[in-house]
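Please open the model in a viewer and keep the sequence panel in view. The tour below proceeds by selection, and each stop says what is to be found there.

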Amino acid sequence: MPASAVGTGCQAEISMKHATIETITRIEPLLQRIREISALKERKPGIYYYKSSAFLHFHEDDSQVYADIKLEPPDFERLPVSTRSQQDKLIKLIRDKVG
């Protein structure tokens with residue numbers, strides 16, 4: 001699996017299942033950091049919107065967790081977020097995009 005994949009709309013080019021509630025629970029520290037970014041609205045656990053448009057959600061593959069983030073609409077970019085350094089990169093990308 002490459003570090004990122006670009007897809008169209010909500011479909012990434014590389015198929016992978018959405019994160020389960022167990023995975024969402026496992027990345028709760030990351031979700032808490034994302035919740036501090038007031039420009040994002042969490043519609044469901046781990047699913048975020050920016051300006052009424054889907055912006056960020058999570059997938060899993062084996063023990064790895066990935067974020068699909070819409071940096072350049074209409075496509076999502078898939079990034080690994082299993083480690084703290086990967087999560088820090090995601091938070092920086094979010095802040096750079098939404099302020």
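Begin with two helices. Select Leu-30, Arg-33 and Ile-34 in α2, and then Arg-84, Gln-87, Asp-88, Leu-90, Ile-91, Ile-94 and Arg-95 in α3; the residues of the one group meet those of the other. The model on screen is a predicted one, and this applies to every stop that follows.

**The helix pair**

Display the axes of α2 and α3. Two packed helices are described by the angle between their axes and the distance between the axes. Here the axes come within 11 Å and cross at roughly 20 degrees. Angles under 35 degrees count as roughly parallel, and α2 and α3 are therefore roughly parallel to each other. The crossing of this pair is right-handed.

Remain with Arg-84, which lies in helix α3. Arg-84 is exposed, with a relative accessible area of 54%. Now add Pro-29 to the selection: Arg-84 and Pro-29 are separated by 55 residues in sequence, yet their C-alpha atoms are 9.8 Å apart in space.

**The whole chain**

Return to a cartoon of the entire chain. How many helices and strands does the secondary structure of the chain contain? There are three helices and five strands, and along the sequence they follow the pattern α-α-β-β-β-β-β-α. The chain has 99 residues, of which 39% count as buried. If contacts are taken between residues at least 6 apart in sequence, 47% of them join residues at least 24 apart.

**The nonpolar core**

In soluble globular proteins, nonpolar side chains tend to be buried together. To see such a group in this model, select Ile-34, Leu-56, Phe-58, Leu-90 and Ile-94, which have the most contacts inside the largest nonpolar core, a set of 22 residues. The elements that give two or more residues to this core are α2 (28-35), β3 (53-61), β4 (64-72) and α3 (84-98).

Next, centre the view on Ile-94. Which residues does Ile-94 touch, not counting those up to four places away in sequence? They are Ile-34, Ile-37, Leu-40, Phe-55, Leu-56, Ile-69 and Gly-99.

**A buried polar group**

Select Arg-78, found in strand β5 (residues 75-80). Is Arg-78 buried or exposed? Buried means under 20% relative accessible area; Arg-78 stands at 1% relative accessibility and so counts as buried.

Show the side chain of Asp-68, which is placed in strand β4. Asp-68 likewise counts as buried, at 1% relative accessibility. The side chains of Arg-78 and Asp-68 make a polar contact of 2.7 Å. Add His-59 to the display: a polar contact of 3.4 Å joins its side chain to that of Arg-78. Arg-78 is thus shown with side-chain polar contacts to Asp-68 and to His-59.

**Three loops**

Go first to the loop between β4 and β5, where Pro-74 is placed. Select Pro-73 together with Pro-74: the peptide bond from Pro-73 to Pro-74 is cis, with omega near 10 degrees.

Move to Asp-62, in the loop between β3 and β4. Asp-62 is not a glycine, although its phi is positive, at about 55 degrees. Asp-62 is exposed, with a relative accessible area of 72%.

Finally, select Lys-51 in the loop between β2 (47-50) and β3. Phi of Lys-51 is near 50 degrees, a positive value in a residue other than glycine. Lys-51 is exposed, with a relative accessible area of 65%. For the last selection, add Val-98 and draw the distance between the two C-alpha atoms: Lys-51 and Val-98 are 47 residues apart along the chain, and these atoms are separated by 9.5 Å.

How values were computed. Residues numbered from 1 in each chain as written. Predicted model: local features only at pLDDT ≥ 70, side-chain atom pairs only at ≥ 80, totals over all residues. Heavy atoms only, no water. Helix = DSSP H or I, 4+ residues; strand = E, 2+ residues; numbered from the N terminus. Buried < 20%, exposed > 50% of the residue type's maximum accessible area, 1.4 Å probe, protein only. Polar contact = N/O pair within 3.5 Å; in protein donor to acceptor, adjacent residues only side chain to side chain. Core = buried A, V, L, I, M, F, W, Y, C linked by side-chain atoms within 4.5 Å. Contact = heavy atoms within 4.5 Å. Axes fitted to C-alpha atoms, helices over the stretch in contact; angles between N-to-C directions. Parallel < 35°, antiparallel > 145°, perpendicular 65-115°, else oblique. Left-handed = near helix turned anticlockwise from the far one by under 90°.
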